[in-house]
Amino acid sequence: MHRHEFGRLLKYLNYFGVRIQDSIQHSIITECGGELPVGEILLVNTYMEDKPLLVYTPTMRTPRNIFPIDVFYVFTKILLFLESSKDINEIAIPGLGALTGGVGHLECAKQMRLAYEYVYNNEEKEIRVQA
């Protein structure tokens, strides 16, 4: 496991608790046959009242550098999922592939913006960005 990857995992574990890792692993085993392919989405219960759901989607199968187009693909899938979901009205998304994936932060943001424009056909839709 890369040092960056561990740091992000540690942040998630500290925030959501170890239970979230168990919940993700259990869901992948019981709902996905033991593997969640890149770009597929899993909705996981966080057991937190203020943030009850976690949208989990891998950007890579194994730790490696990815292409910026992978960021576009995964973020497009997330946006399409959110459009079809009535349970989610707020989301926080890390820089997809910006650590272990080796995609630069500006390129990551560019690909995410292109995906947003693709899904919403350049229509203005309110989103809140939190750094």
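Let's start on one side of helix H2, where Val-18, Arg-19, His-26 and Ile-29 are exposed. Keep in mind that you are looking at a predicted model. Helix H2 covers residues 18-32, 15 residues in all. From its first C-alpha to its last it reaches 21 Å, close to the 21 Å expected at 1.5 Å a residue.

Now turn to the other face. Which residues of H2 are buried? They are Ile-20, Ser-23, Ile-24, Ser-27 and Ile-28. These buried residues cover an arc of only 130 degrees around the axis, which puts them on the same side of H2. If you wonder how a spread-out list can share one face, here's the rule of thumb. An α-helix has 3.6 residues a turn, so residues three or four places apart point the same way. Just after H2 comes Gly-33, and its phi is positive, near 70 degrees.

Back to Arg-19 for a moment. Where does its charged end sit? The charged end of Arg-19 is over the ring of Tyr-47, 3.6 Å from the ring's centre. Tyr-47 itself is in the loop between strand E1 (42-45) and strand E2 (53-56). With a relative accessible area of 45%, Tyr-47 is partly exposed. Its backbone is worth a look too. Most residues other than glycine have a negative phi. Tyr-47 is not a glycine, and yet it has a positive phi of about 65 degrees.

Carry on along the chain to the loop between E2 and helix H3 (68-84), and you'll meet Pro-63. Pro-63 counts as partly exposed, at 43% relative accessibility. How far apart are Pro-63 and Gly-97 in sequence and in space? They are 34 residues apart in sequence and 9.9 Å apart in space, going from C-alpha to C-alpha.

Next, let's go inside. In soluble globular proteins, nonpolar side chains tend to be buried together. In this model, the largest nonpolar core has 18 residues. Those that touch the most other members are Val-71, Phe-75, Ile-78, Leu-79, Leu-96, Cys-108 and Met-112. Which elements give two or more residues to this core? They are H3 and helix H4 (105-120). Take Leu-79 as an example: leaving aside its neighbours within four places in sequence, Leu-79 is in contact with Ala-115, Tyr-116, Val-119 and Tyr-120. Apart from this core lies another one, made of nine residues, among them Ile-28, Leu-36, Val-44 and Leu-54. You have already seen Ile-28, as one of the buried residues of H2.

Finally, the aromatic rings. How many aromatic pairs are there? The count comes to three, and we'll look at two of them here. The rings of Tyr-15 and Phe-16 have centres 4.9 Å apart and planes at 85 degrees, so this pair is edge-to-face. Tyr-15 counts as partly exposed at 41% relative accessibility, whereas Phe-16 is buried, with a relative accessible area of 17%.

The other pair is Tyr-116 and Tyr-120, with ring centres 4.9 Å apart and planes at 55 degrees, so that pair is tilted. Both of these tyrosines lie in helix H4, four residues apart, about one turn of the helix. Are they buried or exposed? Tyr-116 counts as buried at 6% relative accessibility, and Tyr-120 also counts as buried, at 11%. Remember Leu-79 from the largest core: both Tyr-116 and Tyr-120 are among its contacts.

Note on methods. Residues numbered from 1 in each chain as written. Predicted model: local features only at pLDDT ≥ 70, side-chain atom pairs only at ≥ 80, totals over all residues. Heavy atoms only, no water. Expected span 1.5 Å × (residues − 1). Buried < 20%, exposed > 50% of the residue type's maximum accessible area, 1.4 Å probe, protein only. Arc of directions from axis to C-beta. Core = buried A, V, L, I, M, F, W, Y, C linked by side-chain atoms within 4.5 Å. Contact = heavy atoms within 4.5 Å. Phe/Tyr/Trp six-rings, centres within 6.5 Å; stacked < 30°, edge-to-face > 60°. Lys NZ or Arg CZ within 6 Å of the ring centre and 35° of its normal.
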